[in-house]
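Visitor: Could you take me on a close look at one part of this model? I'd like to stay with a single spot for a while and then see what sits around it.

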Amino acid sequence: MSKSLVIVESPAKAKTLARLLGTQFRVEASVGHVRDLPENASEVPEAIKKESWGRMGVDVDHGFKPYYVVSSDRTHRIRELKAAVKDAPEVLLATDPDREGESISWHLREVLKPKGIVKRIVFHEITEEAVREAIANARDIDLKLVDAQESRRILDRLYGYMLSPVLWKKVQTGLSAGRVQSVAVRLIVEREEDRRAFRRSVYWDLDARLRAGDREFTATLVRIGSERLATGKDFDTTTGALQARNVRLLDEAAARTLRDGLAGRLPWAVTSIEERPTTQRPSAPFTTSTLQQEANRKLGFSADRTMSAAQRLFQEGIISYHRTDSTTLSDKTLRESEHAIKELYGDAFYGGPRQYQTKVKNAQEAHEAIRPTDFRQTPQSLSLAPDEARLYDLIWKRTVASQMADARLLRTTLEITASSADGTAAVFSATGKAIQFAGFLRAYVEGTDDPASELGDQETLLPTLAVGDQVKAPGQGPLTLSALDSKGHETLPPARYTDASLVKRLEEDGIGRPSTYAAIISTIERRGYVWRQGKALIPSYTAFAVTHLLKEHFGQLVELGFTGRIEEELDEISKGDRKRDTFLEEFYNGDAAAWPGLRHLVTNDDRIDYPVIALGNDPDSQQPIVIRIGRYGAYVQMGDANASIPEDMAPADFTLEQASRLLRDRVQGPQSLGADSKSGLPVYVLTGRFGPYVQLGEPPEKGSKDKPRRASLTKSDSPETLTLDRALELLSLPRLVGHDAEAGEDITANFGRFGPYIKRGSEFRSLASDPQVFIVTLEEARELFRQEKKSRRRQAARTVLREIGEHPASKAKVEVLEGRYGPYVTDGTTNASVPKDVMVDALTMEEAVGLLKAREGAAPAKAGRRRSTGQTGARTTGRATGGATRKRAVKRSA
């Protein structure tokens with residue numbers, strides 16, 4: 001007897017379904033889309049090649065008819081599916097439960113043309129119960145959803161295929177424009193422009209370190225008399241001027257004078273203690289957008305990495321469908337989460353059932369939040385690959401926490417008043433937080449985009465004090481002043497976008513769909529519009545040129561609200577409230593209102609000039625300096641002179657002075673360090689698109705195949721201080737360490753993209769530091785090759801930026817190291833990032849220990865261990881009021 005045929009997209013999903021359904025059904029995978037619009041000239045059908053619209057595969061003259069083609073790498077799979085369909089009495093199309101899945105099912109039906117019954121089944125989790133329920137409720141394909149998806153595909157094809165050639169002609173070949181990607185690039189570019197326009201401001205305050213018994217805490221100066229002390233938020237970011245009124249701005253001299261005066265005017269007095277009970281509610285369970293944001297904040301995952309791991313978890317039946325705008329949980333899920341919470345944490349910690357309102361208009365993806373399919377499968381009970389394990393841990397805890405009780409907190413604000421020499425009151429403040437009932441915090445604490453949060457969230461236990469208690473000198477009372485420090489701070493420019501903050505901004509403005517954000521970010525990175533510095537997304541100069549061109553000549557197409565309006569109209573098509581043909585006609589040809597139509601916008605591109613980025617006038621000659629995009633990247637130009645901009649130079653960090661120096665060096669010729677005594681050839685130091693380098697011999701003539709010997713400078717080298725001996729040392733590389741007789745290969749040492757290394761044949765091993773390239777011995781090298789090769793992250797060179805000293809408690813050495821995402825402090829056991837606004841050279845032992853403690857407190861609980869925070873034993877914690885402000889510490893002690 002023939003079996004019913006179930007068709008899904010992926011082999012992994014097919015494998016899971018086959019296991020659940022048993023022998024009653026045959027399950028096959030289409031392996032993605034079976035057909036699409038032609039991707040290149042060779043795929044365009046012969047019948048339309050001569051049409052003006054032929055390369056797009058969309059007949060814009062007759063109802064926007066799409067011409068779909070089956071790509072050559074899908075023909076074999078189509079034949080296999082056709083053979084399977086021939087024998088099946090029933091075909092169940094079980095593609096993903098969204099518009100794209102509906103469209104894939106429609107394409108399968110159109111291509112395979114089954115003669116038997118064809119039905120569509122939809123399930124939001126791959127469990128036996130959900131799948132069998134879907135089979136029992138099989139339906140026809142929803143053509144309204146198919147129309148909406150096809151409209152999106154055609155619109156994006158028209159947008160990309162009509163705008164991209166303008167970019168090829170006016171900026172650089174190989175570039176692409178996209179309805180969502182171009183807006184995303186615009187956001188990133190405009191943030192970089194804000195950073196370039198930013199002007200730093202400096203302000204000072206005082207920190208009082210106080211001790212009561214064996215407990216020490218810090219209070220920060222917040223008022224002098226009736227005037228509040230200026231903080232970072234009081235300055236204009238574009239001018240650096242103080243914009244707030246009735247605030248006192250302290251400079252270094254005033255802060256030091258005030259510090260010296262107050263330190264000698266003890267006792268001070270506790271003048272105010274305010275306690276305020278608060279309630280903290282749990283966050284909603286994950287949607288696609290919030291999962292991408294949280295995984296980026298907490299795990300450092302890119303949006304693409306998050307979605308890949310989530311896809312695998314869904315296909316294995318471990319989580320529900322991961323492309324969803326909804327925060328709703330089913331009644332079954334609510335019951336299961338209640339049971340899990342009461343069993344794991346106790347009845348008092350259950351606060352449900354809770355339902356959360358979806359904020360996205362017409363949430364059109366799956367109709368339930370991302371959640372575990374079985375709450376009994378705790379993160380510790382499953383054996384998963386590292387990425388899936390970490391992501392599932394987030395999903396399980398977030399879903400459980402969403403149904404737990406509110407946390408009850410007691411926030412305390414403490415004020416201590418000192419009297420200055422002229423009798424003016426100086427008020428210091430510290431805040432505390434007592435967790436009276438942990439509630440959902442037992443399971444989950446949400447991450448943040450604030451780069452200073454780790455420093456700001458340090459917890460310092462506040463002692464029990466009363467109004468009237470006096471602050472005295474050490475040894476003279478129960479509450480004493482240990483130290484009074486003056487601290488300087490610099491305001492920071494707006495933070496660059498990360499995957500998390502960009503996804504959040506796109507969703508807030510209704511730009512695209514959350515299910516497409518991972519692909520969008522991957523695309524703009526792959527196309528060279530952005531590059532990464534840690535988590536930050538930095539725009540290239542190509543992105544600047546493209547954004548300026550599009551804003552000037554196609555402004556409506558990259559408006560933040562434009563793609564949001566498109567999404568609303570696509571939603572209307574999916575509900576049957578708008579016709580596909582009318583929508584596409586108005587987009588392409590325009591309407592009677594304000595929209596001229598895409599066709600009219602791109603008809604005349606002769607009016608568009610080559611985009612240049614103006615930097616300003618050269619300080620010496622007053623000639624304008626501009627940035628252009630060339631075949632080999634960005635370069636600066638002044639008159640006839642030009643010079644390459646190093647590829648790792650962020651636009652906001654590239655100053656007019658640096659551009660002038662590059663051009664001056666190019667005009668004057670390369671800087672000579674002297675001559676090589678062996679060859680007699682001159683040694684030059686130059687700067688190219690990949691940064692500074694040294695060269696042995698004269699620059700080659702244009703078109704010459706003879707290239708002089710070159711070597712890049714290391715991170716520890718500077719063109720200004722480079723010596724001839726050091727340059728020759730670099731040019732001597734690769735260095736022959738010796739011959740490994742056992743392996744029959746020579747071992748060499750050199751610098752590479754990922755730091756210093758040794759090589760034997762096709763094998764590589766990283767070295768611990770730059771100097772080892774020149775001193776590693778043959779035996780040491782052979783020993784490294786005997787050891788198992790470490791992952792790239794683990795084998796990264798360990799660069800010590802500063803040794804702070806001995807940890808006061810553990811006696812371990814505390815150091816600041818250079819890490820992949822910037823400097824971090826470590827005691828050999830715990831690592832904690834140094835906030836970007838804190839100078840490494842100014843970091844004190846106390847601050848370093850505080851960072852390590854905060855990191856230990858934020859670390860996720862290990863399997864079998866739980867942090868005990870219940871109704872009893874309320875814990876009081878605190879931090880200085882100014883602690884959350886982004887700071888650059890410049891510290892002087894009294």
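Guide: Let's start at Asn 617, which stands opposite Pro 624 in β19. This is a predicted model, so read every value below as computed from it. Asn 617 closes strand β18, residues 613-617, and β19 covers residues 624-630. The two strands run antiparallel and are joined by four bridges. Go to the other end of β18 and you'll find Ile 613 standing opposite Ile 627 in β19. Together β18 and β19 make a hairpin, with six residues between the strands. Have a look at Gln 622 in that turn: its phi is positive, about 65 degrees.

Now stay on β19 and check its surroundings. Five of its seven residues are buried, so β19 is largely enclosed by the rest of the structure. The cut-off behind that word is a relative accessible area under 20%.

β19 also has a partner further along the chain. Strand β20, residues 633-638, runs antiparallel to β19, and five bridges hold the pair together in the bridge count. Gly 630 has Gly 633 in β20 as its bridge partner. Here, too, the connection is a hairpin, this time through two residues. So that you can trace it on screen: go up β18, through the six-residue turn into β19, then through the two-residue one into β20.

Follow β20 to Met 638 and there's a nice link to a helix. Arg 664 lies 26 residues away from Met 638 in sequence, with 9.9 Å between their C-alpha atoms. Arg 664 belongs to helix α19, residues 656-668. Its relative accessibility is 37%, so Arg 664 counts as partly exposed. The band for that label lies between the 20% and 50% limits.

With that spot covered, here are two sheets elsewhere in the chain. One is an open sheet of four strands with antiparallel pairing, in the order β26-β27-β28-β29. The edges are β26 (735-740) and β29 (763-766); each has a single partner strand, so one side of each is left without a neighbour in the sheet. On average, neighbouring strands of this sheet are turned by 25 degrees against each other, direction ignored. Zoom in on β26 and β27 (residues 745-752): they run antiparallel, with five bridges between them. Leu 736 pairs there with Thr 748 in β27 as its bridge partner. Helix α22, residues 778-786, packs on the sheet and touches β26, β27, β28 (755-760) and β29. The direction of α22 makes about 70 degrees with that of β26.

The other sheet is open as well and has four strands, but here the pairing is parallel, and the order reads β2-β1-β5-β6. β2 (25-29) and β6 (117-120) are the edge strands, each pairing on one side only. From one strand to the next, the twist averages 20 degrees. Strand β1, residues 4-8, runs parallel to β2 and is joined to it by five bridges. Val 8 has Ala 29 in β2 as its bridge partner. Helix α2 packs on this sheet, touching β1, β2 and β5 (90-93), and its direction makes about 165 degrees with that of β2.

α2 has a helical neighbour too. Helix α2 (residues 75-86) packs against helix α3 (residues 99-112) at an angle of about 80 degrees, and their axes are 10 Å apart. That makes α2 and α3 roughly perpendicular to each other. On the α2 side, Ile 78, Leu 81, Lys 82 and Val 85 meet Leu 108, Val 111 and Leu 112 of α3. Of the residues in this contact, six are nonpolar, none polar and one charged.

Finally, step back to the whole chain. It has 23 helices and 35 strands. There are 894 residues, and 48% of them are buried. Take the contacts between residues at least 6 apart in sequence: 68% of them join residues at least 24 apart. The chain exposes about 43100 Å², with carbon and sulfur atoms supplying 48% of that area.

Definitions and conventions
Residues are numbered from 1 along each chain as its sequence is written. This is a predicted model: local features need pLDDT of at least 70, side-chain atom pairs count only at pLDDT 80 or more; totals for chains, interfaces and linings use all residues. Side-chain values use heavy atoms; hydrogens and water are left out. Two strands pair if DSSP finds at least two bridges between them. Axes are lines fitted to C-alpha atoms, for helices over the stretch in contact, and angles run from 0 to 180 degrees between N-to-C directions. Angles under 35 degrees count as roughly parallel, over 145 as roughly antiparallel, 65 to 115 as roughly perpendicular and the rest as oblique. Contact means heavy atoms within 4.5 Å. Ala, Val, Leu, Ile, Met, Phe, Trp, Tyr, Cys and Pro count as nonpolar, Asp, Glu, Lys and Arg as charged, and the others, Gly among them, as polar. Buried means under 20% relative accessible area, exposed over 50%, partly exposed in between (1.4 Å probe, protein chains only). Accessible areas come from the Shrake-Rupley method with a 1.4 Å probe; for residues, only the protein chains shown count as cover.
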